[in-house]
Protein chains: 2
Amino acid sequence: MAIKLMAVTDDAYEAADLIRILMEIHPYVDHVQIREKRKPAGKVYQLCKELLDEGLPAHKLWLNDRMDIALLLGLKQVHIPGHGLPLEELKKLYPDLRIGAPVHSFEEAVQAESVGAAYALYGHCFPTASKKGKSPQPLANLRYIRQNTHIPLYAIGGIEVERLASLKAFELEGVAVMSSIFSAANPLDAVKKLREECLRLEEIH
Amino acid sequence: MAIKLMAVTDDAYEAADLIRILMEIHPYVDHVQIREKRKPAGKVYQLCKELLDEGLPAHKLWLNDRMDIALLLGLKQVHIPGHGLPLEELKKLYPDLRIGAPVHSFEEAVQAESVGAAYALYGHCFPTASKKGKSPQPLANLRYIRQNTHIPLYAIGGIEVERLASLKAFELEGVAVMSSIFSAANPLDAVKKLREECLRLEEIH
């Protein structure tokens, strides 16, 4: 199975532009994570509602942080960032909810697995503009996590087409991509190239 | 009945200090609104959980904006700020939820009443440090809203002990206070003085 693609929005676009981009690219990605931290809740709700109304499949849409918006929209998944809502309490109240969780270590990956998270997002893996001046997390950890847990693993941080091949050995479920898509001159072209590389790597054994 | 007091936190304290202050002052106020916008959701959850564990009555605790935290804590009320979650959708999903809503005009007050909001918070009423450079809303509107709606009305913005008497004519349900409490050298003294003035005004006919 090809490595999955999650597009993570970067809070740099007005709602109308972001909707246009997401409606173009969503057929080429498996997940869209809405991470619009500076927009107030009402705007994020409206943005997501329009995406769903225009046909973005509900199962692809992951709200970052705002479980309440996900509930209002009837979504069955949410991405909880670090310092976000407590995963165990969320799972108690919403046992069927699929929760994505960031991890930075083996311990955090074990914890995410033990609370039943749908995936662990490990990063950042490579230098990237959105984490300027911060050292990437060691890829050796990623290997250790893969070998010692069963939770689906996504890599994030500086994911570019040229780097995908180097991640193949980690048996990832997928990669999450922000800058390479949303800072690209043409997000649709960027997504298509990422998707092509994912499919090409699938065929290499 | 004496005018009610809502203490609105100002996001200026570390959690431990804020908990200490709130545990001191809550017996003298009717509501506590947690408005800690720069703290991540997990910290706000933890802060509120500790307040409840230490004995702050759940019915006094209004989360600002974060319906999801309110749900995790089992709270039955929430304050939705401007540009927050859509009130009608919230009421559809949670018919018994008590929702507080800010209003700046008669039209907004009518809308808040029509969706079944528990109160309308009108302001800001007086010049205040947290709204520097912005003109206060006309008090004439407050009178018009009071005379032409039935929604419980709270005034906010620059509420000080000396100004409470001037608000008596508006037949408010209460006042919401941020700076006069949380910027005071001694928040407990400040709350007691506000409470005393509310009680004194009640006796004047």
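These legends go with a set of views of a predicted model.

**View 1. Chain A as a whole, with its nine helices and eight strands.** Here's the full fold of chain A before we zoom in. The radius of gyration is 16 Å, close to the 17 Å that the globule rule gives for 205 residues, so chain A is as compact as a globular protein of that length. Lay a box along the principal axes and the C-alpha trace spans about 40 × 40 × 35 Å. As for how the chain folds back on itself, take the contacts between residues at least 6 apart in sequence: 58% of them join residues at least 24 apart.

**View 2. The surface and the charges of chain A.** The accessible surface of chain A adds up to about 9,500 Å², and carbon and sulfur atoms own 51% of that. On the inside of the picture, 53% of the 205 residues count as buried. Chain A carries 25 positive side chains and 27 negative ones. The centres of those two sets lie 2 Å apart.

**View 3. Chains A and B about their axis.** A turn of 180° with a shift of 0.0 Å along the axis lays chain A on chain B, and the RMSD is 0.0 Å. That is the relation of a two-fold axis. Looking for a landmark in chain A? D68(A) has the C-alpha nearest the axis, 2.3 Å from it. As for the interface, 100% of the interface residues of chain A are also interface residues in chain B, so the copies meet through the same surface.

**View 4. Helix α1 of chain A and what covers it.** Helix α1 runs over residues 15–25 of chain A. Its buried residues are L18(A), I19(A), I21(A), L22(A), M23(A) and I25(A). The cover over those residues includes two strands of chain A, β1 (4–8) and β2 (31–34). It also includes the helices α2 (41–53), α8 (179–182) and α9 (187–203) of chain A.

**View 5. A close look at T128(B) in its loop.** Over in chain B, T128(B) sits in the loop between strand β6 (119–122) and helix α6 (139–148). Buried or exposed, then, for T128(B)? T128(B) is buried, because its relative accessible area is 13% and the cut-off for buried is under 20%. Set aside the neighbours within four places in sequence, and T128(B) is in contact with G157(B), G158(B) and S179(B).

How values were computed: Residues are numbered from 1 along each chain as its sequence is written. Chains are lettered from A and ligands numbered from 1 in the order in which they are written. This is a predicted model: local features need pLDDT of at least 70, side-chain atom pairs count only at pLDDT 80 or more; totals for chains, interfaces and linings use all residues. Side-chain values use heavy atoms; hydrogens and water are left out. Helices (H or I, at least four residues) and strands (E, at least two) are DSSP runs, numbered from the N terminus. The radius of gyration is taken over C-alpha atoms; the globule rule is 2.2 Å times the number of residues to the power 0.38. Buried means under 20% relative accessible area, exposed over 50%, partly exposed in between (1.4 Å probe, protein chains only). Contact means heavy atoms within 4.5 Å. Accessible areas come from the Shrake-Rupley method with a 1.4 Å probe; for residues, only the protein chains shown count as cover. Lys and Arg count as positive and Asp and Glu as negative; His and the chain ends are not counted. The place of a charge is taken as NZ of Lys, CZ of Arg, CG of Asp or CD of Glu. Copies are superposed by least squares on the C-alpha atoms of residues with pLDDT of at least 70 in both.
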